[in-house]
Amino acid sequence: MSLTLEPADRLRRMGFVKCGDWLLVSEKPKCTLTQYDSAQNVLYAFVSLDTVMYIGKTVQPLKRRMYGYENPGGTQSTNSKGNKLILEFLSKKQPVEVYALPDNGLLYYGGFHVNLAAGLEDSLVDVIKPVWNKVGV
């Protein structure tokens, strides 16, 4: 038996909670959030079949960030890439779940609030190496 946790389990142990799902609606990805929709300073992850596909952060409400993936603008390369990848998975009947870790506002350094999402994103991506975070995917 291995003592090493799988990446999705590591995120859950850290406090990430499943807060939504991506669905295919009229041939387009649509995110349904069950919680944290108005949370700001959120670290989020897209997980499919217990595999962490993407890790990102947002300072805007999570619902607004997911809307960006649903309706990417012409110059929004991250949103466009995410939309394409989510659509590809959903078209193949592969689920894409949304997990979130909102900033609880309790982390301070030298009297300054530390944005948990901004502080953790790079390290998580570096260690977990989600395939959708790679440049050129």
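**Exercise 1. The two cysteines**

Task: In this predicted model, find how far the sulfur of Cys31 is from the closest cysteine sulfur, and decide what that distance says about a bond.

Solution.
- Start at Cys31. The closest cysteine sulfur belongs to Cys19, at 7.1 Å.
- Apply the cut-off. A disulfide needs the two sulfur atoms within 2.5 Å.
- Conclude. The sulfur of Cys31 is too far from that of Cys19 for a bond.
- Count. The structure has 0 disulfides. Cys19 is in none, its nearest cysteine sulfur being that of Cys31.
- Add the surroundings. Buried means under 20% relative accessible area. Cys31 has 10% relative accessibility, so this residue counts as buried. Cys19 has a relative accessible area of 0% and is buried.

**Exercise 2. The hairpin of S1 and S2**

Task: Describe how strands S1 and S2 are joined, and name the partner of Trp22 in S2.

Solution.
- Locate the strands. S1 covers residues 17-25 and S2 covers residues 28-33.
- Read the pairing. The strands run antiparallel, with 6 bridges between them.
- Pick out Trp22. Its bridge partner in S2 is Cys31.
- Look at the turn. S1 and S2 make a hairpin, and 2 residues separate them. Ser26, in this turn, has a positive phi of about 55°.

**Exercise 3. Positive phi between S3 and S4**

Task: What are the phi values of Leu49 and Asp50, and where do these residues lie?

Solution.
- Recall the background. Most residues other than glycine have a negative phi.
- Take Leu49. Its phi is positive, near 50°. Leu49 belongs to the loop between S3 (42-48) and S4 (51-58).
- Take Asp50. Its phi is positive too, near 65°. Asp50 lies in the loop between S3 and S4.
- Check accessibility. Leu49 has a relative accessible area of 59% and is exposed. Asp50, at 40% relative accessibility, is partly exposed.

**Exercise 4. Aromatic rings**

Task: Classify the ring pair of Tyr44 and Phe46, then place both residues in their aromatic surroundings.

Solution.
- Choose the descriptors. An aromatic pair is described by the distance of the ring centres and the angle of the planes.
- Start from the total. The structure holds 9 aromatic pairs. For Tyr44 and Phe46 the centres are 5.6 Å apart and the planes meet at 45°, so the pair is tilted.
- Check the cut-offs. Stacked planes are under 30 degrees apart, and edge-to-face planes over 60.
- Assess burial. Tyr44 and Phe46 are both buried.
- Widen the view. Tyr44 and Phe46 belong to one aromatic cluster with Trp22, Tyr54 and Tyr69.
- Look for a charge. The charged end of Arg65 sits over the ring of Tyr69, and the distance to the ring centre is 4.2 Å.

**Exercise 5. Tyr36 and its contacts**

Task: Where is Tyr36, is this residue buried or partly exposed, and which residues does Tyr36 contact beyond four places in sequence?

Solution.
- Place the residue. Tyr36 is in the loop between S2 and S3.
- Check accessibility. Tyr36 is partly exposed, at a relative accessible area of 28%.
- List the contacts. Beyond four places in sequence, Tyr36 touches Val17, Cys19, Leu62, Ala100 and Pro102.
- Compare two separations. Tyr36 and Phe46 are 10 residues apart in sequence, and their C-alpha atoms are 15 Å apart in space.

**Exercise 6. Asn83 in its helix**

Task: Which element holds Asn83, and which residues does Asn83 contact beyond four places in sequence?

Solution.
- Find the element. Asn83 is in H3, residues 77-91.
- Check accessibility. With 14% relative accessibility, Asn83 counts as buried.
- List the contacts. Beyond four places in sequence, Asn83 is in contact with Pro29, Tyr69, Glu70 and Pro72.
- Link back. Tyr69 is also a member of the aromatic cluster.

**Exercise 7. The whole chain**

Task: How many helices and strands does the chain have, and how does its radius of gyration compare with the globule rule?

Solution.
- Count the elements. The protein chain has 4 helices and 7 strands.
- Order them. From the N terminus they run α-β-β-β-β-α-α-β-β-β-α.
- Test the size. The radius of gyration is 15 Å, close to the 14 Å the globule rule gives for 137 residues, so the chain is as compact as a globular protein of that length.
- Add the extents. The C-alpha trace spans about 50 × 40 × 30 Å along its principal axes.
- Add burial. Of the 137 residues, 38% are buried.
- Finish with contacts. Among those between residues at least 6 apart in sequence, 63% join residues at least 24 apart.

Definitions and conventions: Residues numbered from 1 in each chain as written. Predicted model: local features only at pLDDT ≥ 70, side-chain atom pairs only at ≥ 80, totals over all residues. Heavy atoms only, no water. Phe/Tyr/Trp six-rings, centres within 6.5 Å; stacked < 30°, edge-to-face > 60°. Buried < 20%, exposed > 50% of the residue type's maximum accessible area, 1.4 Å probe, protein only. Lys NZ or Arg CZ within 6 Å of the ring centre and 35° of its normal. Pairing = 2+ DSSP bridges. Contact = heavy atoms within 4.5 Å. Rg over C-alpha atoms; globule rule 2.2 N^0.38 Å.
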